[in-house]
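I opened this notebook to keep track of what I looked up, going from the whole chain to single residues.

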Amino acid sequence: MAEQAGNSGDTTVRRLATEYGVATEYEGFDGEHESVPDATLRSVLTALGADVSDDDAVARSLRERESAPWRRLLPPVVVTEVGRAATVAVTTAPGDTVRVRLWPEGDQDAERALEPAADEEPETREVDGEQRRRVPYALPAELPLGWYRLEAVTGSGERARIDVAVTPRRLSTTDRLRGRRRWGYMAQLYSVMSSRSWGVGDLSDLASLAALSGVQGADYVLINPLHAAEPEPPVEPSPYLPSSRRFFNPLYLRVADVAEFPYLRPADREVVDRLAAVQRKAVLDPSSIDRDPAYAAKLKTLELLYTVRRSPYRQQQLEAFVAQAGQPLQDFALWCALREELGEDSPLWRDEARSPGSPYAQEARTRLAHRVNFHVWLQWLLDEQLEAAQRAAHRAGMDIGVVHDLAVGVHKHGADAWALQDAMAAGVSVGAPADMYNQLGQDWSQPPWHPEKLAELGYRPWRQMMRTIFRHAGGVRIDHVAGLFRLWWIPEGNTASDGTYVYYDHEAMVGVLALEAELAGVVVVGEDLGTVEDSVREYLESKGVLGTSILWFEMDGDVPRDPSRYRELCMASVNTHDLPPTPGYLEGVQLQLREDLGLLARSPEEEREDARAQLETFFAAVTEAGYLPGGADADAETKVEALYRYLCDAPSLLLNVSLVDAVGEKRIQNQPGTSDEYPNWRVPLADADGRPVMLESLPRMPRVQRLVDVVNEALGTHRRTSAVTAPEQPERRDLADPFRSAS
């Protein structure tokens with residue numbers, strides 16, 4: 001392909017980019033190779049910390065890049081697999097003595113000395129006019145799974161400590177699933193409300209949904225991300241653009257379930273009762289969810305509850321939680337207090353309050369201590385209610401329980417972007433290159449992990465994120481899991497399509513994820529839809545990470561792929577939250593919506609003809625399989641059930657039943673390419689006639705029961721009694737301290 005405009009073909013810049021793991025070319029959606037302009041490479045390299053201000057600086061940066069590893073005593077981190085022979089490189093001046101020790105994290109009394117590897121020769125190199133000698137030291141092959149600390153001390157006084165991760169070769173949590181297929185509901189929790197909800201679905205509703213579906217035969221409930229948003233209204237409605245992925249959103253608290261609720265003062269209880277009456281009316285509005293008044297009412301109530309004296313036992317539990325969570329929780333709570341004080345647009349965020357260690361922030365830790373402690377307390381309440389939801393799932397017979405969703409990234413002005421600046425890249429955002437659906441590309445306005453800074457920190461921010469999510473979970477879905485391999489970086493000021501891929505150490509990223517999942521006993525699902533390299537899927541499968549299949553996307557050329565040929569290590573669904581519920585999809589509501597919003601790339605007639613042809617093709621396959629005797633003349637509910645029978649022919653270990661499909665909802669939750677033009681992430685659960693569906697009514701809805709029976713019959717599963725013995729759960733290791741020094 002011809003060079004793009006602005007691409008001088010500077011080989012030194014391109015060599016430097018390659019050294020930093022920055023793609024100088026990539027394959028576009030049309031199969032053509034795209035060459036990345038030098039200007040884009042320079043911007044991305046600058047974000048990675050390289051000096052590319054002029055040609056001489058680029059040459060110096062390249063030399064520095066090649067020499068830097070030889071100047072340091074130890075590499076930034078070591079990630080290896082259990083049972084695999086591994087070494088760590090120790091680099092010193094020739095003749096300098098060195099002592100190398102290893103111990104399990106948190107247990108230095110169990111340290112052991114390491115010796116040079118007998119079968120590997122040392123290397124030497126001249127750096128800065130002096131010789132450096134690199135000696136491989138052997139790690140014990142019998143090291144069990146877990147985190148370790150390694151220290152090297154030289155005779156000349158140089159000292160370094162790093163983290164060592166011994167990761168599983170393959171997730172046993174996935175292999176445990178083999179032998180029988182399982183199904184679970186897929187739901188947007190905020191949309192699933194009961195008569196006791198305050199305008200939005202909450203964690204008590206999650207516990208009820210888990211209990212009800214567990215009795216129906218489900219083994220899990222997959223929900224939207226519960227990540228923290230802004231600490232006060234207005235709040236971002238999208239669960240995929242959070243403030244923090246390490247902490248949870250107090251919007252999901254059920255205030256009446258807080259243990260101190262019965263002890264509110266009478267006058268305070270009157271205030272709360274008035275707030276509750278207003279918010280419970282909002283549950284009956286099937287048009288849209290308004291998070292802001294719901295959150296304001298909950299915050300007012302929670303502030304009143306915070307003044308109620310806790311019992312000694314409750315206070316002890318709170319203090320234990322705070323001690324376990326450590327500094328990350330304190331920094332998050334400080335950001336919340338500062339955000340309340342400063343708002344989003346204060347110039348102080350760019351100067352005085354720019355980081356947790358800034359003078360303004362340090363002073364605020366004391367001045368705003370009451371608000372900091374309040375936000376810490378909210379996270380403790382969330383931890384309690386998340387634990388209760390997972391416990392309810394297991395008591396209902398669920399094998400897995402709650403499956404959380406991990407968003408791709410965080411808001412660029414949020415808590416994580418503020419507290420984790422040492423691990424994130426500035427001056428760039430994450431997105432996606434141009435594709436056949438969006439030829440301008442996508443800019444998600446989220447700062448990416450800096451691959452090298454993250455390694456320098458021993459992947460601690462990454463593993464701490466995993467631990468908070470895994471603490472009361474049975475599984476996790478990783479949105480855009482290919483981002484653990486490479487991410488599309490867009491320099492500030494560039495269009496979304498004018499970026500490039502930056503590669504990550506996927507063995508380390510996936511290894512740390514697998515280690516934390518194995519220790520916590522959770523199942524891992526990777527969302528690997530769209531343009532994902534085959535090597536990525538193969539690697540994830542080898543590690544026991546499940547993939548994702550969506551019925552409408554599984555095609556062999558122009559015909560639907562037979563479900564029997566779907567992947568076994570997979571979570572399969574008929575639809576996804578970026579598509580309409582199946583009843584709506586059959587009616588073409590997405591086409592009408594896109595036409596109304598001016599989003600159609602072709603004429604409405606062409607779009608409708610393509611949609612009609614697609615449905616005809618699918619229902620021909622479903623009819624041929626024997627699941628739709630009436631063919632295309634069948635009613636919509638029968639067609640939905642037939643599609644689920646068809647999906648159940650897949651060998652996939654996990655099969656999702658979309659709650660919106662079960663109740664007959666037709667409206668889409670999220671219309672890609674829109675923001676305020678459509679109420680994305682604000683659609684409450686309703687039935688086929690647009691009437692609100694209360695959680696309590698699910699067991700009595702014939703439509704729900706018929707679809708459940710279809711899936712149970714197809715999978716050979718069955719309904720359970722309401723009083724069951726919880727199934728044996730996978731071992732959750734080392735959970736006495738669930739944060740395990742990651743802070």
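Before describing any span I noted how its elements are assigned: helices and strands are DSSP runs, a helix having at least four residues and a strand at least two, numbered from the N terminus. I also wrote down at the start that this is a predicted model.

**Entry 1, a span from the record.** I looked up residues 74-168, which an unreviewed UniProt entry lists as "domain: MalQ N-terminal beta-sandwich". When I checked the span in the model, I found 0% helix and 57% strand, and I noted that the C-alpha atoms at the two ends of residues 74-168 lie 23 Å apart.

**Entry 2, the whole chain.** I then stepped back and counted 21 helices and 26 strands in the protein chain. Its radius of gyration is 27 Å, close to the 27 Å that the globule rule gives for 743 residues, so I recorded the chain as being as compact as a globular protein of that length. Along the principal axes, the C-alpha trace spans about 80 × 70 × 50 Å.

I looked next at burial and contacts, and found that buried residues make up 56% of the 743 residues. Of the contacts between residues at least 6 apart in sequence, 73% join residues that are at least 24 apart.

For the surface I noted an accessible area of about 30900 Å², with 48% of it belonging to carbon and sulfur atoms. The chain carries 80 positive and 116 negative charges, and the mean positions of these two sets are 6 Å apart.

**Entry 3, T24.** I found T24 in the loop between α1 (11-19) and β1 (25-27). Is T24 buried or exposed? Its relative accessible area is 18%, and because buried means under 20%, I entered T24 as buried. Leaving aside neighbours within four places in sequence, T24 is in contact with R14, A17, T18, E34, S35, V36 and L41. I also looked up S208, which is 184 residues from T24 along the chain, and the C-alpha atoms of these two residues are separated by 51 Å.

**Entry 4, G155.** Returning to the span that the record lists as residues 74-168, I looked up G155, which lies in the loop between β9 (146-154) and β10 (159-167). Its relative accessibility is 58%, and because exposed means over 50%, G155 counts as exposed. Which residues does G155 touch, not counting those up to four places away in sequence? I found D96 and T97. The C-alpha atoms of G155 and R310, which are 155 residues apart along the chain, are separated by 55 Å.

**Entry 5, backbone details.** I looked up the peptide bond from P233 to P234 and noted that it is cis, with omega near 0 degrees; P234 is found in the loop between β13 (227-228) and β14 (244-248).

I then turned to Y459, which has a positive phi of about 60 degrees although it is not a glycine. Y459 is in the loop between α12 (451-456) and α13 (460-470), and I recorded it as buried, with a relative accessible area of 3%.

My last look was at W681, a residue that is not a glycine but has a positive phi of about 60 degrees. W681 has its place in the loop between α20 (659-663) and α21 (702-715), and with a relative accessible area of 6% W681 is buried.

How values were computed:
Residues numbered from 1 in each chain as written. Predicted model: local features only at pLDDT ≥ 70, side-chain atom pairs only at ≥ 80, totals over all residues. Heavy atoms only, no water. Rg over C-alpha atoms; globule rule 2.2 N^0.38 Å. Buried < 20%, exposed > 50% of the residue type's maximum accessible area, 1.4 Å probe, protein only. Contact = heavy atoms within 4.5 Å. Areas by Shrake-Rupley, 256 points an atom, 1.4 Å probe, with all protein chains shown as cover. Lys, Arg positive; Asp, Glu negative; His and termini not counted. Charge placed at Lys NZ, Arg CZ, Asp CG, Glu CD. UniProt positions renumbered as here; feature names shortened; annotations may be inferred.
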